[in-house]
Amino acid sequence: MSDIIQLLPDHVANQIAAGEVVQRPASIVKELLENAIDAEATKIELIIRDAGKNLIQVVDNGKGMSETDARMAFERHATSKIRATEDIFKIATKGFRGEALASIAAVSQVELRTKQPEATIGTNIYIEGGVFQFQDPVQTADGSNFLIKNLFYNVPARRKFLKNNNVEFRHVIDEFQRVALAHENLEFSLFHDDDAVFRLRKGSQMQRIVDIFGRKLQPQLVPIKEDIIWCKLHGFVAKPEGAKKTRGEQFLFVNGRYFKSAYFNKAVQEAFEGLLLPGYVPTFFLFLELDPEKIDVNIHPQKTEVKFEDEHLIFALLRSTIKRSLGIYNVSPSLDFERDPELDDMMQKTFPSKSNGGGNTVIKMPEIIVDRDYNPFLEEREVTHTEIQNLTEMYHQNISTAEPSKINLFEDEDFDEDLMRLPNGYWLFNKGDKTLMLDLGRMHRLWVSENTKPSKRGVTNSHSLLFSLEYHMNEIEKAKYNSIKKYLPELGFEMSVAHESVLRIDAVPEGLKETQVMKFLENLFEILEYKSEEEFLHYYQNQWNKMQSKSRFDFIYKKDAEQLIRDFTALGFPEFLPDGKRCFFEVPFNDFKNKF
């Protein structure tokens, strides 16, 4: 039998390796931005076309590469970051594997123009599908200019699995944000289809966060800082009112590298215990600085997983530091371990006691005097007939003049004994020979959705606001608004961009209260996080239904509950919502018999 095992050609091996490193355009953005930072650049520009499918260009003013280095950079396992095995355990750079450029070149058309500051001329190199094409001298600026064109042009199966441009560009923004947040001392720019999305200046961490996420986040930020021998922690957490239902603005960094950790997210969540509504997650931007030998980033090619030598100690550090900061800024109660002793001296001088020679009146704590010999059973007396008669007359007089309760939960109507409200907002309903526990809030939401379907709704009427409202958008929200503004007039909104980042609202749909507008817009931008324009109307309708539907605690009058049950019965009494949540379930009374 002939031998069947053979070495794969280099271009095939590179395409296989690219499956781990290059998953979508955002993966390339991450690698190229990190390479620019490792090249000691102070100004980095990212230029995107068609969400990165047709062009990803990164221009930096770093130290550039020589002719030989430019050619070697695209070979597998070629790197300038490490030299020996020991270097893996003390990595201080963003990249180190030497796989990224080779993988990128294997699935795209790559052009590189680079020049070192001391060189008189640079070099231009072109690689297509992992195959070297040419290398020529070229006149170019100091630094490097990478152009990645036609991603996955030679792997159609991979290209067709890319999402639409809105979704892919959102992933690009995610990677751009993560790199920019960790390096506030560098200038970053992002252009998409010739439109400037971000122009980030050098500054403090607070300025960088505000430049990315908008000014409305600034008043909510609480600074976090702790410096111990083996670890430094700094950053910001948002107050409870800045919490959201979706995970998006939760950022953890170690030594300037973004990473994900469900374990450390739990530490932050525990620090907010008792301050957040169920289902909400806090917003935070936290930066750890550790000895590189105490962490291991060589876990996965994406480098977003990090192992820590003392993760339990870091967990406790995060939880305690955040909890203390929330207490200091009066977000939550906290013991003040840093009380100024001079404050006590000042109070003593202001209110001196006689023992200190002061002439002011002695301020004493009020005393509670208790008669310990008092026994109420020692004083017995007879209640006279006259007193009983007076009490009886007063009782009948109060009964005859008392008004009935305005909230009568058990009025005698059609359902009579078949319907009863429970203290937790649920209702018990006897339907035939079954007893059901009803969630009237979910039932009402389903009824609203069935009566506001697009086919029944048509163009939504709007009502003008007496005073226009202003919503301050960040750059991400501006991009989302531009993608959906063509739908807004038929939905009942009248909006316009008054200033560069201010959205002016002049009219809203009927049924939307003025106090609900801002929250509704925030939720609207949240549901657009990773949704396409085609999906927008569907998700908008769900959001509108939630806003119009009542909670189960809103049903306190029995007549309202009975009317909803009639309407729900006309729908066929469905058990589940479209998202799979139950509207009711049968109470297992037979199982209760065993309890007795």
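Two strands count as paired here if DSSP finds at least two bridges between them. Keep that in mind for the first part. The model is a predicted one.

I'll start with strand S6, residues 143–149. Strand S3, residues 109–115, is joined to S6 by seven bridges, and the two run antiparallel. One of the bridge partners in this pairing is Val110, which is matched with Ile148 in S6. Strand S2, residues 55–60, also runs antiparallel to S6, with six bridges between them. There, Val58 stands opposite Phe146 of S6.

How much of S6 is covered? Six of its seven residues are buried, so by that count the strand is mostly covered. As a general point, side chains in a regular strand alternate between the two faces of the sheet.

Now one residue of that strand, Asn145. Is Asn145 buried or exposed? Its relative accessibility is 12%, and the cut-off for buried is under 20%, so Asn145 counts as buried. What does Asn145 touch, once residues up to four places away in sequence are set aside? The list is Gln57, Val58, Val59, Glu111, Leu112 and Arg113. With Gln57 there is also a polar contact between the two side chains, at 3.0 Å.

Next, the aromatic rings. Pairs are taken with ring centres within 6.5 Å, and by this rule the count comes to 17 aromatic pairs. I'll take one of them, Phe573 and Phe584. Their ring centres are 5.1 Å apart and their planes are at 55°, so the pair is tilted. For reference, tilted covers what is left between stacked, under 30 degrees, and edge-to-face, over 60.

Where do these two residues sit? Phe573 is in the loop between helix H18 (558–570) and strand S22 (584–586), while Phe584 is in S22 itself. The pair therefore ties together parts that are eleven residues apart in sequence. Both rings belong to buried residues: Phe573 has a relative accessibility of 9%, and Phe584 has a relative accessible area of 11%.

Elsewhere, which residues form one aromatic cluster? They are Phe213, Phe251, Phe253, Tyr258, Phe285 and Phe287.

The last item is a charge and a ring. The charged end of Arg71 sits over the ring of Phe132, at 4.2 Å from the ring centre.

To recap: S6 is paired antiparallel with S2 and with S3, and Asn145 in S6 is buried.

Notes
Residues numbered from 1 in each chain as written. Predicted model: local features only at pLDDT ≥ 70, side-chain atom pairs only at ≥ 80, totals over all residues. Heavy atoms only, no water. Helix = DSSP H or I, 4+ residues; strand = E, 2+ residues; numbered from the N terminus. Buried < 20%, exposed > 50% of the residue type's maximum accessible area, 1.4 Å probe, protein only. Polar contact = N/O pair within 3.5 Å; in protein donor to acceptor, adjacent residues only side chain to side chain. Contact = heavy atoms within 4.5 Å. Phe/Tyr/Trp six-rings, centres within 6.5 Å; stacked < 30°, edge-to-face > 60°. Lys NZ or Arg CZ within 6 Å of the ring centre and 35° of its normal.
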